[in-house]
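This report looks at charged side-chain pairs, one strand residue and the pockets of a single model.

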Amino acid sequence: MNRLEYILAVIEEKSITKAAKRLYITQPTLTKYINQLEYEYGVKFFDRSTTPIRLTEAGQLYVEKKKMMIEEERSLRSQLKSIEDKKITLTIGSGHTRGEKFLPYALKQFCDLHSNVDFCITFPDEIDFYKKLKSGAIDLAFGVIDVTNNMDIEYLEMTVESMGIVVPTEWGFLPQDADPSLTFQHPLPITADMLNGRDVIIPGRSTGADITFMEMLSKYNIQFGRVITANNMIILRELIQYGLGYSFISVNKQIPRNCILCSMPGISSKRIGRCAYIRSHPHVKLLRELSGMIFQSIKLLG
């Protein structure tokens, strides 16, 4: 059993005692293990002053990075085995939401035609897509990837998503008699001062939305109140709906309930999703074919 499984057990059980029981070890043994791990890294992974116990920010980062390392190790093992078996393994790096919705259908069509191709699907931070394509860690990127000046990249545009700053209605930015739903078509112009000191929900690096969010922060000096970071867009939207903060998210279909859509000068309101791969890839024909099937799945299911 690896280190991450111990940590995940505590997260899921919300208790060291319950996690130890589930792992078939004693509570002192698990506590000693966590203490040693925290000593090794020089940080606290769990806030034990709360009930139930919860991860610290450092603990969240440890879990995210360990998951990525395990995914890459699994991908490497799969590729090595495929070489031994004379098979092809393609590793797809995808954004969470797009991958969950569109990849299964596309892969079904592709696998019906190519029985000699294995797949490994990972969910790296979208900001790292180009670096991972260049290093060979992934063969195909499906999500938000900057292709500017990257002449070695071949790509197919998949989606154009509407983006915006989403704020809880209860903050009173709109006049009382105004209809919040109308801001979907006509976002409410706001200033950085209106967000200063407000609670914020920051999109995690794996969501893709964090790229534009960080651009907004670099353009405007906005101070935060409480900070929540969420790597899952579904949870992020729910947090905004409950008034826990504002965020910058995709609003292609509709804005979350109890929220209004806002805009600020110089902040992009569009995000382009692409399938991209290295032009000189040895299996570039397969990657082109797969990209086309993903595009068709978006047209069918989107």
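A salt bridge is taken here as a side-chain nitrogen of Lys or Arg within 4 Å of a carboxyl oxygen of Asp or Glu. The model is a predicted one, and 15 salt bridges are found in the structure.

**Salt bridges and their surroundings**

With that cut-off in mind, the side chains of Asp128 and Lys131 form a salt bridge, the N to O distance being 3.9 Å. The partners sit in unlike surroundings, because Asp128 has a relative accessibility of 10% and counts as buried, whereas Lys131 is exposed, with a relative accessible area of 56%. Elsewhere, salt bridges with shared partners join Arg98, Glu126, Glu161 and Arg271 into one network.

Within that network, the side chains of Arg98 and Glu126 meet in a salt bridge with an N to O distance of 3.5 Å. This pair links distant parts of the chain, 28 residues apart: Arg98 belongs to helix H5 (residues 96-113), while Glu126 lies in the loop between strand E4 (117-122) and helix H6 (129-135). Is this pair buried or exposed at Arg98 and at Glu126? Arg98 counts as buried because its relative accessibility is 7%, and Glu126 likewise counts as buried, at 2%, the cut-off for buried being under 20% relative accessible area.

A further salt bridge brings together the side chains of Glu13 and Arg22, at 3.2 Å from N to O. Here Glu13 counts as partly exposed, with 27% relative accessibility, and Arg22 counts as partly exposed as well, with 37%.

**Ile153 in strand E6**

Strand E6 (residues 153-168) contains Ile153, a residue that is buried, having a relative accessible area of 3%. Which residues does Ile153 touch, not counting those up to four places away in sequence? The contacts are with Tyr130, Leu133, Val147, Ala276, Tyr277, Ile278 and Arg279. For one of these, Ile278, the separation along the chain is 125 residues, yet the C-alpha atoms of Ile153 and Ile278 are 4.8 Å apart.

**The two pockets**

Rolling a probe the size of a water molecule over the atoms shows where empty space is left. The table sets out the volume, lining and residue classes for the two pockets.

| Pocket | Volume | Lining | Nonpolar | Polar | Charged |
|---|---|---|---|---|---|
| Largest pocket | about 1,700 Å³ | 46 residues | 22 residues | 10 residues | 14 residues |
| Second largest pocket | about 640 Å³ | 26 residues | 7 residues | 12 residues | 7 residues |

In the largest pocket, the lining residues that lie nearest the centre are Gln60, Glu64, Thr229, Ala230 and Asn231. Helix H4 (residues 57-84) contributes the most to the lining of this pocket, namely 12 residues.

For the second largest pocket, the lining residues nearest the centre are Thr97, Lys101, Glu161, Ser250 and Asn252. Glu161, named among these, is also a member of the salt-bridge network with Arg98, Glu126 and Arg271. H5, E6 and helix H9 (233-241) each supply at least two residues of this lining, and the largest share, 5 residues, comes from H5. Helix H5, which holds Arg98 of the salt bridge to Glu126, thus appears again in the description of this pocket, as does strand E6, where Ile153 is found.

Note on methods: Residues are numbered from 1 along each chain as its sequence is written. This is a predicted model: local features need pLDDT of at least 70, side-chain atom pairs count only at pLDDT 80 or more; totals for chains, interfaces and linings use all residues. Side-chain values use heavy atoms; hydrogens and water are left out. Buried means under 20% relative accessible area, exposed over 50%, partly exposed in between (1.4 Å probe, protein chains only). Helices (H or I, at least four residues) and strands (E, at least two) are DSSP runs, numbered from the N terminus. Contact means heavy atoms within 4.5 Å. On a 1 Å grid over the protein atoms alone, a cavity is a set of points where a 1.4 Å probe fits but cannot get out, and a pocket is an open set with protein on both sides within 12 Å along at least five of seven lines; lining residues have an atom within 4 Å of a point. Grid points are joined across faces, edges and corners, and a volume is the space filled by probe spheres set on the points. Ala, Val, Leu, Ile, Met, Phe, Trp, Tyr, Cys and Pro count as nonpolar, Asp, Glu, Lys and Arg as charged, and the others, Gly among them, as polar.
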